[in-house]
Amino acid sequence: GTIEKTANYISVELKNNEFWNLQSEEDPKWKTQTGQIRELLQNIASSHDEIAGILIATRNDLYVSTGMSRISRDSFHNESWYRQAEQSPEEIRLISDATGRNIVTNQDYSVDDVFSLTKAVRDPKTGEVLGVILFDIRHDIIKKSINSVTIGEKGFVFVTDADNSIVYAPVNDVVYRVSPLWLGGSGNAFVTANIRGGNYQIHSEKSEYTGWRTVGVFSNDEVMAGVNTIVYILLGCVLFTVLFVLFSSFEL
């Protein structure tokens, strides 16, 4: 199962809901409709620990959420997360950086602790985009996968987004000295580098589905000692594990 199943589930539950067509919060139906939707979102979020918050923004620039609130009256339609989902309604969009949005979190999490997923909701008859669902997902699901991997005494794994910005990495003196230029362009990459006096091999695998990249950093001394025989197998397994955890966490 994937986040798309969760988004589709919400869409089905709300397909005949007048919420999508409401023009104002002053509408007499607003309180009743949003109360029911908020309860639905809270039930979904409470049954999935990885979900920090859910927000549904409509084409009429109204919204309902659990865990998130709008900071100002500025339109969500001008926000990049809304526009990207609207422009690619068939796709799930991953957003590694949740900062800078017209949204404040009102739950026990920070935007620095999450990444986001968005999915447009379309009218099943006309195909028109009715709104966008925004999920904030805790880094924990990536953290657990990465921290469970041991690559010798000095090796480690981290994850970058499609722009080679770090999504999640363990805390050490080496990771932020890995140059994005070493990670390759559209495909996988392998380089050797000297970092803080140590020799390292850096292998990366890019997911064609998400555009995100899993990067393995291996001490050259340990690789020469025999770790090299399992490098590609291990990195492939890590990539599969991260993606499996990421997208299987949302099965309803």
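Below are a few exercises with worked solutions on this predicted model.

**Exercise 1. Getting an overview**

Find out how many helices and strands the protein has, and what share of its residues is buried.

*Solution.* Start with the secondary structure: the protein has 6 helices and 12 strands. Next, turn to burial. Of the 252 residues, 49% are buried. The accessible surface is about 12,700 Å², and carbon and sulfur atoms account for 46% of that surface. Finally, look at the contacts between residues at least 6 apart in sequence: 56% of these join residues at least 24 apart.

**Exercise 2. Two strand residues**

Place Thr66 and Asp136 in their strands, decide whether each is buried or exposed, and list what each one contacts.

*Solution.* Let's take Thr66 first. Thr66 belongs to strand β2, which covers residues 63-66. Its relative accessible area is 10%, and buried means under 20%, so Thr66 counts as buried. Once neighbours within four places in sequence are left aside, the contacts of Thr66 are Leu41, Gln42, Ala45, Gly53 and Ile54.

Now for Asp136, which sits in strand β7 (residues 129-138). With a relative accessible area of 0%, Asp136 is buried. Its contacts, again without neighbours within four places in sequence, include Glu50, Ile51, Ala52 and Gly53. Met68, Arg101 and Tyr109 are also among the contacts of Asp136, as are Val114, Phe115 and Ser116. Comparing the two lists, you will find Gly53 in the one for Thr66 and in the one for Asp136.

**Exercise 3. Following salt bridges**

The structure holds 6 salt bridges; work out where the partners of Glu18–Lys29, Glu128–Arg59 and Arg70–Asp61 lie or how accessible they are.

*Solution.* A reminder to begin with: side chains of opposite charge can pair when their charged atoms come close.

1. The side chains of Glu18 and Lys29 form a salt bridge with an N to O distance of 2.6 Å. Glu18 and Lys29 are 11 residues apart, each in the loop between α1 (3-13) and α2 (30-46). Glu18 has 35% relative accessibility and counts as partly exposed; Lys29, at 39%, is also partly exposed.

2. Glu128 and Arg59 are joined by a salt bridge of 2.9 Å, N to O. Glu128 is in the loop between β6 (114-122) and β7, while Arg59 is in the loop between β1 (51-58) and β2, so this pair ties together parts that are 69 residues apart in sequence. Glu128 is partly exposed, with a relative accessible area of 40%, and Arg59 is partly exposed at 26%.

3. Arg70 and Asp61 meet through their side chains at 3.3 Å, N to O. Here both partners are buried.

**Exercise 4. A closer look at Asp61 and Asn164**

Which sign does phi have in Asp61 and in Asn164, and in which loops do these residues lie?

*Solution.* Asp61 is the salt-bridge partner of Arg70, and its place is the loop between β1 and β2. Its phi is positive, about 65°, although Asp61 is not a glycine. The relative accessible area of Asp61 is 14%, so this residue is buried.

Asn164 likewise has a positive phi, near 65°, and is not a glycine. Asn164 lies in the loop between β8 (156-160) and β9 (166-168).

**Exercise 5. Charges at the surface**

Identify the residues of the negative patch, then describe the surroundings of Arg196.

*Solution.* First, the patch: Asp97, Asp112, Asp113 and Asp140 gather on the surface as a patch of negative charge. Pick Asp140 to place one of these residues: Asp140 is in helix α4, residues 140-147. Asp140 is partly exposed, with a relative accessible area of 38%.

Then move to Arg196, found in the loop between β10 (189-195) and β11 (198-206). Its relative accessibility is 54% and the cut-off for exposed is over 50%, so Arg196 counts as exposed. Not counting residues up to four places away in sequence, Arg196 touches Asp173 and Arg177. For Arg196 and Asp173, the separation is 23 residues in sequence and 8.1 Å in space, C-alpha to C-alpha.

Key. Residues are numbered from 1 along each chain as its sequence is written. This is a predicted model: local features need pLDDT of at least 70, side-chain atom pairs count only at pLDDT 80 or more; totals for chains, interfaces and linings use all residues. Side-chain values use heavy atoms; hydrogens and water are left out. Patches are made of residues with over 30% relative accessible area and no salt bridge: like charges are joined within 9 Å, nonpolar side chains (Val, Leu, Ile, Met, Phe, Trp, Tyr) within 5 Å. Accessible areas come from the Shrake-Rupley method with a 1.4 Å probe; for residues, only the protein chains shown count as cover. A salt bridge is a side-chain nitrogen of Lys or Arg within 4 Å of a carboxyl oxygen of Asp or Glu. Lys and Arg count as positive and Asp and Glu as negative; His and the chain ends are not counted. The place of a charge is taken as NZ of Lys, CZ of Arg, CG of Asp or CD of Glu. Helices (H or I, at least four residues) and strands (E, at least two) are DSSP runs, numbered from the N terminus. Buried means under 20% relative accessible area, exposed over 50%, partly exposed in between (1.4 Å probe, protein chains only). Contact means heavy atoms within 4.5 Å.
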